[in-house]
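This report describes the fold that follows, beginning with one sheet and the helices around it and then turning to the overall form and a second group of strands.

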Amino acid sequence: MNNPHGGKLINCQLSLTKKKEILNNLDQYQTIQLDKELTKDVKNIADGVYSPLKGFLREEDFKTVIDKMRLKSGVVWPIPIVLDISQKQYKQLKNKKEILLLDQNSEPLALLKKPEFYQYDAKELAQKVYGTTDKAHPGVEEVYQMGPYLVGGEIASLINGRGLFSDHNYTPAQTREIFEKRGWDTITAFQTRNVPHRGHEFLQMQALARTDGLFVQPVIGRKKLQDFKDEYIIGAYDILIERYYPQTRVLLGILPLKMRYAGPREALLHAIIRKNYGCTHFI
């Protein structure tokens, strides 16, 4: 299997004792409520999906990522993973040393430690990441809807549940353990946002002929309106693996993040993520 990107698989889970202490004193914290996609980003940071990130990008990392596709350490990272806030939130939070992040249902999700607040240029961000400032581009439109401040800092997760599609929602540590138990040294990752079709079947069978195992990873998050629903994608692959593929050589595991439509930058991010999951070949 591949080594994790940056050399180490990140785990941002707090101890049970510390979690209980925080959860028993929630009224001591100022909060930021996240939407569904930012909630996924927090979980991906905490579980090592975004290794080597330990939190939302601070300003120096943000600048080097959009300019050079690298963190300030020099490690390749193509897309800024950031948390935006409003002017009102900035005034309320700017002097806080820890901020409690809530999920889309207002449930405690994680602590943001030693937050750093900074402003950014939305047009510059759009141009450098997406190659355009045209609001017709879905990624650019999202940038223009962001708040005027970004807040960076390491996170400490308060949850460790699997969440969406729990039967198929593995952390990179879990997939690596599964691959090792199955004796897979070479693993082909097949990322998709569609139900399987004959072209996919052909590629996947070719992968099985050349490597020890196949890891099918549908993107579960915001996609194009005309895309298939997540339930249909998972259901179709469940049937395909159960009735047609050699079950001991195929693993279905979701990739819980939104599509960003950032071209080569996004393709590189997904390759990094699949490397973190332990995969050696990508199609």
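## Architecture of the predicted model

In this predicted model, strand β7 (residues 187–192) and strand β10 run parallel and are joined by 2 bridges. One of the residues involved is threonine 188, whose bridge partner in β10 is histidine 281. This pairing belongs to an open sheet of 4 strands in the order β9-β8-β7-β10, with parallel pairing. At the edges of that sheet lie β9 (250–252) and β10 (281–282), each of which pairs on one side only.

On its other side β7 meets β8, and these two strands pair in the parallel sense over 6 bridges. Within this pairing, isoleucine 187 has glycine 213 of β8 as its bridge partner. Between the two strands the chain passes from β7 through helix α8 (residues 198–210) to β8, a β-α-β crossover that is right-handed. A further helix, α9 (residues 230–243), lies across β7, β8 (213–218) and β9, and its direction makes an angle of about 160° with β9.

How many of the residues of β7 are buried? The count is 6 of its 6 residues, so that the strand is mostly covered, on the definition of buried as under 20% relative accessible area. Ile187, Ala189 and Gln191 point one way from the strand, while Thr188, Phe190 and Thr192 point the other way, and all of them are buried.

### Overall form

The protein contains 10 helices and 10 strands. Its radius of gyration is 19 Å, which agrees with the value near 19 Å that a compact globule of 283 residues would have. Along the principal axes, the C-alpha atoms fill a box of roughly 55 × 50 × 35 Å. Of the 283 residues, 49% count as buried, and the protein exposes about 14000 Å², of which carbon and sulfur atoms supply 47%. Among contacts between residues at least 6 apart in sequence, 76% join residues that are at least 24 apart.

### The strands around β6

Strand β6 (149–157) is largely enclosed by the rest of the structure, because 8 of its 9 residues are buried. Strands of a sheet pair through backbone hydrogen bonds, in either a parallel or an antiparallel arrangement. The pairings of β6 listed below are antiparallel, and each row gives the number of bridges together with one residue pair where the strands meet.

| Strand paired with β6 | Sense and bridges | Residue and its counterpart in β6 |
|---|---|---|
| β2 (residues 55–56) | antiparallel, 2 bridges | phenylalanine 56 and glycine 153 |
| β3 (residues 84–85) | antiparallel, 2 bridges | isoleucine 85 and tyrosine 149 |
| β5 (108–119) | antiparallel, 8 bridges | tyrosine 118 and leucine 150 |

### Helices α3 and α2

Helix α3 (residues 59–68) has Asp61, Phe62, Thr64, Val65 and Ile66 as buried residues. An α-helix has 3.6 residues a turn, so residues three or four places apart point the same way. The cover over the buried residues of α3 includes the strands β5 and β6 as well as the helices α5 (122–130) and α10 (264–276). Just after α3, methionine 69 takes a positive phi of about 60°.

Valine 42, for its part, is found in helix α2 (residues 36–47). Is this residue buried or exposed? Valine 42 has a relative accessibility of 1% and therefore counts as buried. Leaving aside residues up to four places away in sequence, valine 42 touches Leu34, Phe56, Leu101, Leu109, Ala110 and Ile155. The last of these partners is 113 residues away along the chain, yet the C-alpha atoms of valine 42 and isoleucine 155 are separated by 7.7 Å.

Terms used: Residues numbered from 1 in each chain as written. Predicted model: local features only at pLDDT ≥ 70, side-chain atom pairs only at ≥ 80, totals over all residues. Heavy atoms only, no water. Pairing = 2+ DSSP bridges. Contact = heavy atoms within 4.5 Å. Axes fitted to C-alpha atoms, helices over the stretch in contact; angles between N-to-C directions. Rg over C-alpha atoms; globule rule 2.2 N^0.38 Å. Buried < 20%, exposed > 50% of the residue type's maximum accessible area, 1.4 Å probe, protein only. Areas by Shrake-Rupley, 256 points an atom, 1.4 Å probe, with all protein chains shown as cover. Right-handed = clockwise from strand over helix to strand, strands pointing away.
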